[in-house]
Amino acid sequence: DDCRRYIQESTQALVTAREKEAASKEELKKMKVELTAAKSDMKGRLKDALATAEAEKRRLVKENDDCRRYIQESTQALVTAREKEAASKEELKKMKVELTAAKSDMKGRLKDALATAEAEKRRLVKE
């Protein structure tokens, strides 16, 4: 009876570990979807900002020479938008690396937990 109880407990622990692994994979999928949505949103905003800056620059070029100061401001806005775009891309790369590292760490931990549960199950089965 003790042996059966230990086997049942070990089997339940293994099932629980597998359920946790599945839940972790789902959470990683959700995080990846959220990251993709954030990336898409950020790209859209930056594209809009660049398009707005480009349009403003074209409009100002059509005006007379007194508008040179405005053209310079528009050009600076375009440069700033491109700098922000480059910085955002770098931040997205860093987030992707962190997500990959977290995923790898979580997989390692779950593998260890499953291996421990399997070893415990084998040990109990032998008893």
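This is a friendly dialogue about reading the predicted model shown above.

Reader: Let's begin with the overall build. How many helices and strands are there in the protein chain?

Author: Counting these elements is a good way to start. Here the protein chain has two helices and zero strands. The helices are α1, residues 2–62, and α2, residues 68–126.

Reader: What box do the C-alpha atoms of the protein chain fill?

Author: A box along the principal axes gives an idea of overall form. In this model it is roughly 95 × 15 × 10 Å. The radius of gyration gives another view: the protein chain has 28 Å, whereas a compact globule of 127 residues would have one near 14 Å.

Reader: How can I check a helix by its length? What should the 61 residues of α1 span?

Author: One can set the expected span beside the distance between the end C-alpha atoms. At 1.5 Å a residue, α1 should span 90 Å, and its end C-alpha atoms are 89 Å apart, so the two values agree. Now try α2: it has 59 residues and reaches 86 Å from its first C-alpha to its last, close to the expected 87 Å.

Reader: And what do the buried residues of α2 pack against?

Author: To see how elements fit together, look at what covers their buried residues. Those of α2 pack against α1. From the other side, the cover over the buried residues of α1 includes α2. The buried residues of α1 include L14, L28, L46 and L60, while among those of α2 are I71, S88, L99 and L124.

Reader: Is S88 buried or exposed, and why?

Author: The cut-off for buried is under 20% relative accessible area. S88 has 15%, and therefore counts as buried. This residue of helix α2 touches M42 and L46, leaving out residues up to four places away in sequence. L46 is itself one of the buried residues of α1.

Reader: Could we try another one? Why does L124 count as buried?

Author: The reasoning runs along similar lines. L124 is buried because its relative accessible area is 3%. L124 is found in helix α2, and its contacts beyond four places in sequence are C3, Y6, I7 and S10.

Reader: How far apart are L124 and I7 in sequence and in space?

Author: Here it helps to look at both kinds of distance. L124 and I7 are 117 residues apart in sequence, yet their C-alpha atoms are 5.9 Å apart. For another pair, take Q76 and Q12: they are 64 residues apart in sequence and 63 Å apart in space, C-alpha to C-alpha. Q76 lies in helix α2 and is partly exposed, as its relative accessible area is 45%.

Reader: What share of the contacts in the protein chain links residues 24 or more positions apart?

Author: That share tells us about links across the sequence. Among contacts with a separation of 6 or more, 84% are between residues 24 or more positions apart.

Reader: Finally, what about the surface and the charges?

Author: Let's take them in turn. The accessible surface of the protein chain is about 10000 Å², and 54% of it belongs to carbon and sulfur atoms. Of its 127 residues, 17% count as buried. The protein chain has 32 positive and 26 negative charges, and the mean positions of these two groups are 4 Å apart.

Notes. Residues are numbered from 1 along each chain as its sequence is written. This is a predicted model: local features need pLDDT of at least 70, side-chain atom pairs count only at pLDDT 80 or more; totals for chains, interfaces and linings use all residues. Side-chain values use heavy atoms; hydrogens and water are left out. Helices (H or I, at least four residues) and strands (E, at least two) are DSSP runs, numbered from the N terminus. The radius of gyration is taken over C-alpha atoms; the globule rule is 2.2 Å times the number of residues to the power 0.38. Buried means under 20% relative accessible area, exposed over 50%, partly exposed in between (1.4 Å probe, protein chains only). Contact means heavy atoms within 4.5 Å. Accessible areas come from the Shrake-Rupley method with a 1.4 Å probe; for residues, only the protein chains shown count as cover. Lys and Arg count as positive and Asp and Glu as negative; His and the chain ends are not counted. The place of a charge is taken as NZ of Lys, CZ of Arg, CG of Asp or CD of Glu. The expected span of a helix is 1.5 Å times one less than its number of residues.
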